[in-house]
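Thanks for coming. I have one structure to go through today, and I will keep to contacts, empty space and the overall layout. Here it is.

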Amino acid sequence: LGGSDVIFKLWPRQKHTELHSTSIKPVTDQPSLEVILHGNGSLVLFTNDAYLMHCHENREGILDETTSSNGICGNDAGGGTLVKRGYRISLTFRHKK
């Protein structure tokens, strides 16, 4: 919805067998995609693979965060951009059939 800038991340979803494992380690230490959402309002709609095979994240409580330098940030290919975080309101709507 808006407020301040934030880095939106998509992470690979854990498989059912990984959910019941005794390990707490994440599937990967890098997200599949990052996008800088600007505080003047943003809307993210994800479908297909992004919806079925990934989980999304806007990190809570992080005041300063830097985009990854490995080219996974869709609107910051060079990476390394410092995103200063402030107050932000985010809403998630899910449609179930």
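Let me start with one contact. A polar atom in the side chain of Arg88 sits 2.5 Å from the backbone oxygen of Ser4. Keep in mind that this is a predicted model, and the distance I just quoted, 2.5 Å, is computed from its atoms.

Where is Arg88 in the chain? Arg88 belongs to the segment after strand E5, which covers 82-84. Now the charge: which side chain of opposite charge is nearest to Arg88? That is Asp5, at 5.9 Å. A salt bridge here needs a side-chain nitrogen within 4 Å of a carboxyl oxygen, and Arg88 has none, although Arg88 is buried. So, with the salt-bridge cut-off at 4 Å, the 5.9 Å to Asp5 does not qualify. What Arg88 does have is the backbone oxygen of Ser4, at the 2.5 Å I began with.

Next, the layout. The protein chain contains two helices and five strands. In sequence order the pattern reads β-α-β-α-β-β-β. How much of the chain is buried? Of the 97 residues, 24% are buried.

Now the enclosed space. How many cavities of 30 Å³ or more does the structure hold? One. The largest cavity has about 40 Å³ of space. Its lining is made up of Val6, Ile7, Ile62, Leu63, Asp64, Glu65, Val83 and Arg85. Two strands, E1 (6-12) and E4 (64-66), each contribute at least two residues to that lining. Sorted by class, the lining of the largest cavity has five nonpolar residues and three charged ones, with no polar residues.

Then the open space. The largest pocket has a volume of about 730 Å³. It is lined by 23 residues, and those closest to the pocket centre are Val44, Phe46, Leu91, Thr92 and Phe93. Helix H2 (48-52) and strand E3 (54-58) are the elements that supply two or more lining residues to the largest pocket. Which of the elements gives the most? E3, with four residues. As for chemistry, the lining of the largest pocket splits into 11 nonpolar, nine polar and three charged residues.

To recap: Arg88 is buried without a salt bridge, the largest cavity holds about 40 Å³, and the largest pocket has about 730 Å³. That is what I have for today.

Key: Residues are numbered from 1 along each chain as its sequence is written. This is a predicted model: local features need pLDDT of at least 70, side-chain atom pairs count only at pLDDT 80 or more; totals for chains, interfaces and linings use all residues. Side-chain values use heavy atoms; hydrogens and water are left out. On a 1 Å grid over the protein atoms alone, a cavity is a set of points where a 1.4 Å probe fits but cannot get out, and a pocket is an open set with protein on both sides within 12 Å along at least five of seven lines; lining residues have an atom within 4 Å of a point. Grid points are joined across faces, edges and corners, and a volume is the space filled by probe spheres set on the points. Ala, Val, Leu, Ile, Met, Phe, Trp, Tyr, Cys and Pro count as nonpolar, Asp, Glu, Lys and Arg as charged, and the others, Gly among them, as polar. Buried means under 20% relative accessible area, exposed over 50%, partly exposed in between (1.4 Å probe, protein chains only). Lys and Arg count as positive and Asp and Glu as negative; His and the chain ends are not counted. A polar contact is a pair of N or O atoms within 3.5 Å; within protein, one must be able to donate a hydrogen and the other to accept it, and residues adjacent in sequence count only if both atoms are side-chain atoms.
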